[in-house]
Amino acid sequence: MQALSPKAEAEIRQGRYLVQLLGCGTCHTDGALTGQPRSDRLLAGSSVGIAYSNPLLEENPGVVFPPNLTPDQDTGIGRWSEEDIVRFLRSGMDPVARRHLPVMPWPAYASLSDEDASAIASYLKNLAPVRHRVPANVGPGWATSAEFVYFGVYRSQ
């Protein structure tokens, strides 16, 4: 592996700091959503999903599974460029032009500075790849056999 320049090392450190500050590992680390984070799967996605529709009103709520953010080629973001990551952070739009739900708070990240967004992308691309496939997301009304949590206050009419 090629040695990194001091500037690249500083950018990666800044990206690590921002990822920790933003709490990315809270959702994207297996076990973290249930209070048992697995250090061997740091940022490698969650097998426990997050309900985004009201599970108190729907037998089968919509559930998203936080994806693997490590640069694994098959189960993570290894095929994404740093520009793809920056675009996703700011718009929720992945490399194939699918917009993702704001469960991942991309609307709040839209105002990240160019430097901070690039630092996050650089940090993620320089993580050790972790092979970990998460369950597929499901829409409201569809069942999942995977565990999920839900957050928020729901109101009914």
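How does the radius of gyration of the chain, with its 157 residues, compare with that of a compact globule? The chain has 16 Å, which agrees with the value near 15 Å for such a globule, the radius being taken over C-alpha atoms and the rule being 2.2 Å times the number of residues to the power 0.38. The model is predicted, so that local features need pLDDT of at least 70 and side-chain atom pairs count only at pLDDT 80 or more, while totals for chains, interfaces and linings use all residues. Residues are numbered from 1 along each chain as its sequence is written, and side-chain values use heavy atoms, with hydrogens and water left out.

**View 1. The aromatic pair.** The structure holds one aromatic pair, where pairing requires ring centres (for Trp, of the six-membered ring) within 6.5 Å, and planes under 30 degrees apart count as stacked, over 60 as edge-to-face and the rest as tilted. Because the rings of tryptophan 80 and phenylalanine 88 have centres 5.6 Å apart and planes at 70 degrees, the pair is edge-to-face.

**View 2. Accessibility of the two partners.** Tryptophan 80 is partly exposed, with a relative accessible area of 21%, whereas phenylalanine 88, at 12%, counts as buried; buried means under 20%, exposed over 50% and partly exposed in between, with a 1.4 Å probe and protein chains only. Across the chain, buried residues make up 39% of the 157 residues.

**View 3. Contacts along the chain.** Among contacts with a separation of 6 or more, 59% join residues 24 or more positions apart, a contact being heavy atoms within 4.5 Å. The C-alpha atoms fill a box of roughly 55 × 30 × 30 Å along the principal axes.
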